[in-house]
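Subject: Handover of a structure and the findings on it

Dear colleague,

Please find below the structure that I am handing over to you. I would be grateful if you could read the notes after it with the structure open.

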Amino acid sequence: MPKQSNRNTVYFCTECGFESKKWLGQCPACHSWNSFSEEPVVKAAGSKASSKDRPGRVSSKKPVRLKDIEASGEERMDTGSAEFSRVLGGGIVPGSLILIAGDPGIGKSTLLLQTAVRTAELGRRVLYISGEESLSQIKLRADRIGYTDGSLGFLSETDLSEVESLLHKEKPDICIIDSVQTMYSEDVGSVPGSVTQVRECAQRMMMLAKEENIAIFLVGHVTKEGTVAGPRVLEHIVDAVLYFESGDNGAFRILRSAKNRFGSTNEIGVFEMRHDGLAEVLNPSELMISDRPEHASGAVVTCLLEGTRPILAEVQGLVCETAFGMARRQASGIDYNRLNLLLAVMEKRGGLPLGRCDAYVNVAGGMRVSEPAVDLAVVAAILSSLKDAEVPDDTIVFGEVGLSGEVRAVRQAEERIKEARKLGFRRVIMPRYNVSRCRDEAGDMELIGIRYIRELITVLG
Ligand code: TYD
Ligand code: MG
């Protein structure tokens with residue numbers, strides 16, 4: 001039976017913060033199921049009567065003209081990590097509130113502890129407040145990442161007012177709060193981690209950040225069960241939201257910006273979790289294609305774009321005659337339906353007998369690719385395996401494939417070619433339309449533009 005709301009409670013979706021007077025099974029805003037939790041109503045502190053109710057009151061505030069506003073020279077603080085700084089848009093903006101969200105255990109505390117250590121070494125005053133771990137547990141982690149200089153300030157605290165008064169007193173340059181879901185304010189009657197508590201914490205931290213010009217990092221856990229409020233509840237309050245995620249096989253950690261008031265949201269940072277903390281992966285392309293098999297059929301290198309960043313990846317295809325009546329298809333790293341579609345196009349437009357073949361496609365390194373530019377590489381990998389003819393090691397392939405077997409242009413082909421050239425590739429098989437604009441970037445590389453996948457058969461021999 002649906003629960004009924006008492007008079008002084010409301011229901012919040014723990015995924016997105018949607019508010020409802022009664023309990024709902026599915027959230028109308030974000031469509032998640034069973035995510036509503038009951039919380040007491042909190043009167044907003046600043047709710048004032050509207051100006052209509054107070055006739056004769058004249059505001060003393062005046063708008064300021066843009067030309068009279070002095071830019072604050074917005075000096076950014078270095079994070080000590082090139083990858084992290086890039087995702088933030090070139091460093092930490094003083095007085096900003098940044099949410100780092102991710103699954104439990106992904107490495108948020110490690111990333112921020114390392115950042116605290118590095119920024120402290122660069123001369124910033126840093127305070128690390130943890131509501132999750134005791135001070136001795138933090139020390140264990142610090143030992144693990146090899147931090148021996150003991151001058152960084154730590155506090156184990158969950159009471160929000162304590163945190164506030166300490167920050168007013170200490171006024172550090174950077175403060176880290178791990179995590180927002182453990183912080184608790186007595187003014188709000190609900191339990192830590194509830195939507196109202198989490199919002200209250202973020203709002204008060206936002207005011208504090210602007211007042212005292214402290215850059216504050218909030219850690220937010222992404223939760224599957226909806227027992228605590230997820231980071232999406234806070235997305236509209238904070239200045240920047242960074243998601244920390246792992247690749248499919250967990251080898252890499254990717255830091256992705258979902259919102260950034262002071263920078264682009266296209267950037268990603270790549271890290272690797274080692275025994276002594278997170279290490280930056282400055283050139284993911286090199287790593288992705290480092291274990292490439294030599295002279296093997298069915299392996300093709302392609303260039304993908306992650307935001308604005310080109311990354312080379314290896315697409316592997318394996319085709320063999322089917323043992324039973326029905327052909328098996330398996331795709332890992334690309335969409336299964338997309339693979340079926342490409343096989344159908346190859347059969348119909350390329351005249352290849354793939355209906356009788358099992359086909360397996362894999363993107364090495366655990367990458368998940370959703371970009372259509374990978375299509376032509378998948379086609380080339382399958383073709384290479386089918387004919388048992390290798391694609392030369394120095395060749396990269398990219399392009400979108402349409403239903404008529406046409407090879408369509410892709411965005412930012414120049415960037416892809418630049419990356420391939422940097423890593424020593426000599427030949428590019430690509431959409432013909434893109435070729436003319438890429439001549440400058442290509443240098444002495446050979447650009448082979450194709451219009452239909454049939455031509456690929458000729459090109460690959
Ligand atoms: P952690 O930063 O505690 O994750 P979060 O704060 O996001 O919950 O990282 C947890 C995982 O990282 C844990 O499984 C142990 C692993 N780890 C390492 O592999 N190497 C290290 O040096 C550290 C500190 C953690
Ligand atoms: Mg943690």
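The following paragraphs set out what was found, from the overall build to individual residues.

Please note first that this is a predicted model. The protein has 461 residues, of which 48% count as buried. Its secondary structure consists of twelve helices and 21 strands. Taken along the principal axes, the box that the C-alpha atoms fill is roughly 80 × 60 × 50 Å. About 23100 Å² of the protein is exposed, and carbon and sulfur atoms supply 49% of that area. Among contacts between residues at least 6 apart in sequence, 66% join residues at least 24 apart.

Nonpolar cores

The largest nonpolar core comprises 64 residues. Leu 376, Val 378, Ile 382, Ile 417, Met 430 and Leu 456 have the most contacts inside this core. Helix 8, residues 375–387, gives the most to the core, contributing eight residues. Where does this core lie with respect to domain 2 and domain 3? Domain 2 (76–282) and domain 3 (287–460) both give residues to the core, so it lies between them.

Met 430 illustrates the packing there. Leaving aside residues up to four places away in sequence, Met 430 touches Phe 398, Ala 413, Ile 417, Val 435, Cys 438, Leu 447, Ile 448, Gly 449 and Ile 450. Apart from the largest core lies another, of 32 residues, and Met 205, Met 206, Ile 214 and Val 241 are among them.

Two buried strand residues

Ser 257 is found in strand 10, residues 253–260. With a relative accessibility of 4%, Ser 257 counts as buried, because the limit for that class is under 20%. Not counting residues up to four places away in sequence, Ser 257 touches Val 87, Val 241, Leu 242, Ser 264, Thr 265 and Glu 267.

Val 363 belongs to strand 16, residues 357–363, and is buried, with a relative accessible area of 3%. Outside the residues up to four places away in sequence, Val 363 touches Ala 313, Glu 314, Ser 332, Gly 333, Ile 334 and Val 369. From C-alpha to C-alpha, Val 363 and Gly 402 are 21 Å apart in space, and they are 39 residues apart in sequence.

Aromatic pairs and charges over rings

The count of aromatic pairs comes to four. One of these pairs is formed by Phe 18 and Phe 36, with an edge-to-face arrangement: 6.5 Å from centre to centre and 85 degrees between the planes. Phe 18 lies in the loop between strand 1 (9–13) and strand 2, and Phe 36 in strand 3, so the pair ties together parts that are 18 residues apart in sequence. Phe 18 counts as partly exposed, at 31% relative accessibility, whereas Phe 36 counts as buried, at 7%.

How are the rings of Phe 84 and Phe 217 arranged? Their centres are 6.0 Å apart and their planes are at 40 degrees, so the pair is tilted. The pair links distant parts of the chain, with Phe 84 in helix 1 (residues 82–87) and Phe 217 in strand 8, 133 residues apart. Both Phe 84 and Phe 217 are buried.

Two arginines have the charged end over an aromatic ring. The charged end of Arg 416 is placed over the ring of Phe 398, at 5.7 Å from its centre. For Arg 451, the ring beneath the charged end is that of Tyr 452, with 5.4 Å to the ring centre.

Backbone features to inspect

The peptide bond that joins Asp 178 and Ser 179 is cis, with omega about -5 degrees. Ser 179 is placed in the loop between strand 7 (174–178) and helix 5 (195–212).

Asn 34 has a positive phi of about 55 degrees, although it is not a glycine. Asn 34 is located in the loop between strand 2 (19–20) and strand 3 (36–40), and counts as exposed at 55% relative accessibility. Asn 213, not a glycine either, also has a positive phi of about 55 degrees. The loop that holds Asn 213 runs between helix 5 and strand 8 (215–221). Is Asn 213 buried, partly exposed or exposed? Asn 213 is partly exposed, with a relative accessible area of 47%.

With kind regards

Technical notes: Residues numbered from 1 in each chain as written. Chains lettered and ligands numbered in written order. Predicted model: local features only at pLDDT ≥ 70, side-chain atom pairs only at ≥ 80, totals over all residues. Heavy atoms only, no water. Helix = DSSP H or I, 4+ residues; strand = E, 2+ residues; numbered from the N terminus. Buried < 20%, exposed > 50% of the residue type's maximum accessible area, 1.4 Å probe, protein only. Phe/Tyr/Trp six-rings, centres within 6.5 Å; stacked < 30°, edge-to-face > 60°. Lys NZ or Arg CZ within 6 Å of the ring centre and 35° of its normal. Contact = heavy atoms within 4.5 Å. Core = buried A, V, L, I, M, F, W, Y, C linked by side-chain atoms within 4.5 Å. Domains from an automatic or database assignment. Areas by Shrake-Rupley, 256 points an atom, 1.4 Å probe, with all protein chains shown as cover.
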